[in-house]
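Colleague: I am new to this structure and would like to learn how to read it with some care. Could we go through it feature by feature, starting from the overall layout and ending with single residues?

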Amino acid sequence: MAQVTATIASRVGLHARPAATFVKAVAEQGVPVTIAKEGGAPVDASSILGVMTLGAGFGDVVTLASEAEGAQTALDALKALLETDLDA
């Protein structure tokens, strides 16, 4: 299983527009990905509702994981996206 951790850089966390941007990017990667807030249960990263219910705020650490073959590249791209201020 491939996994990476990322620190949320968006000032409002993973809510509304940043969450929608992230979910769209997950779908474009074409591999199943889960996201979990530190200490929480993983949710489907392609679900806008799941991502928003994480309650991940600015500075929170999340873990992205996937069991798909070749997922490391996708996870690295998603990590880079989360570590960018998506509200800027």
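Colleague: Read along the sequence, what pattern of helices and strands does the protein follow?

Modeller: Please keep in mind that this is a predicted model. Read from the start of the sequence to its end, the pattern is β-α-β-β-α-β-α, and the protein has 3 helices and 4 strands.

Colleague: What radius of gyration does the protein have, and what would a compact globule have?

Modeller: The radius of gyration is 11 Å, which agrees with the value near 12 Å that a compact globule of 88 residues would have. Along its principal axes, the C-alpha trace spans about 35 × 25 × 20 Å.

Colleague: How many of the residues count as buried, as a percentage?

Modeller: A residue counts as buried when its relative accessible area is under 20%, and 40% of the 88 residues of the protein are buried in that sense. As for the surface, the protein exposes about 4,500 Å², of which carbon and sulfur atoms supply 56%.

Colleague: What share of the contacts in the protein comes from residues 24 or more positions apart?

Modeller: Among contacts with a separation of 6 or more, residues 24 or more positions apart account for 72%. One pair that is distant in sequence is Met1 and Ser66, which lie 65 residues apart along the chain, while their C-alpha atoms are separated by 5.9 Å.

Colleague: Is Met1 buried or exposed, and which residues does Met1 touch?

Modeller: Met1 belongs to the segment before strand 1, and it counts as exposed because its relative accessibility is 68%, the cut-off for exposed being over 50%. Leaving out residues up to four places away in sequence, Met1 touches Ala65, Ser66 and Glu67.

Colleague: Where is Ser10 found, and is Ser10 buried or exposed?

Modeller: Ser10 sits in the loop between strand 1 (2-7) and helix 1 (16-29), and it is buried, since its relative accessible area is 2%. The side chain of Ser10 reaches the backbone nitrogen of Leu86 at 2.9 Å. If its neighbours within four places in sequence are left aside, Ser10 is in contact with Pro18, Phe58, Thr84, Asp85, Leu86 and Asp87.

Colleague: Where is the place of Asp87, and which residues does Asp87 touch?

Modeller: Asp87 lies in the segment after helix 3 (71-82), and with a relative accessible area of 17% it is buried. Not counting residues up to four places away in sequence, Asp87 touches Ser10, Arg11, Val12, Arg17 and Pro18.

Colleague: Is Ala41 buried or exposed, and where is Ala41 found?

Modeller: Ala41 is exposed, with a relative accessible area of 56%, and it is found in the loop between strand 2 (34-37) and strand 3 (43-44). Not counting residues up to four places away in sequence, Ala41 touches Ile35, Ala36 and Leu54. Ala41 and Leu78, which are 37 residues apart in sequence, are 19 Å apart in space, C-alpha to C-alpha.

Colleague: What phi does Ala16 have?

Modeller: Most residues other than glycine have a negative phi. Ala16, in contrast, has a positive phi of about 50 degrees although it is not a glycine, and its place is in helix 1.

Colleague: How many positive and negative charges does the protein have, and how far apart are their mean positions?

Modeller: The protein has 5 positive and 10 negative charges, and the mean positions of these two groups are 10 Å apart.

Conventions
Residues are numbered from 1 along each chain as its sequence is written. This is a predicted model: local features need pLDDT of at least 70, side-chain atom pairs count only at pLDDT 80 or more; totals for chains, interfaces and linings use all residues. Side-chain values use heavy atoms; hydrogens and water are left out. Helices (H or I, at least four residues) and strands (E, at least two) are DSSP runs, numbered from the N terminus. The radius of gyration is taken over C-alpha atoms; the globule rule is 2.2 Å times the number of residues to the power 0.38. Buried means under 20% relative accessible area, exposed over 50%, partly exposed in between (1.4 Å probe, protein chains only). Contact means heavy atoms within 4.5 Å. Accessible areas come from the Shrake-Rupley method with a 1.4 Å probe; for residues, only the protein chains shown count as cover. Lys and Arg count as positive and Asp and Glu as negative; His and the chain ends are not counted. The place of a charge is taken as NZ of Lys, CZ of Arg, CG of Asp or CD of Glu. A polar contact is a pair of N or O atoms within 3.5 Å; within protein, one must be able to donate a hydrogen and the other to accept it, and residues adjacent in sequence count only if both atoms are side-chain atoms.
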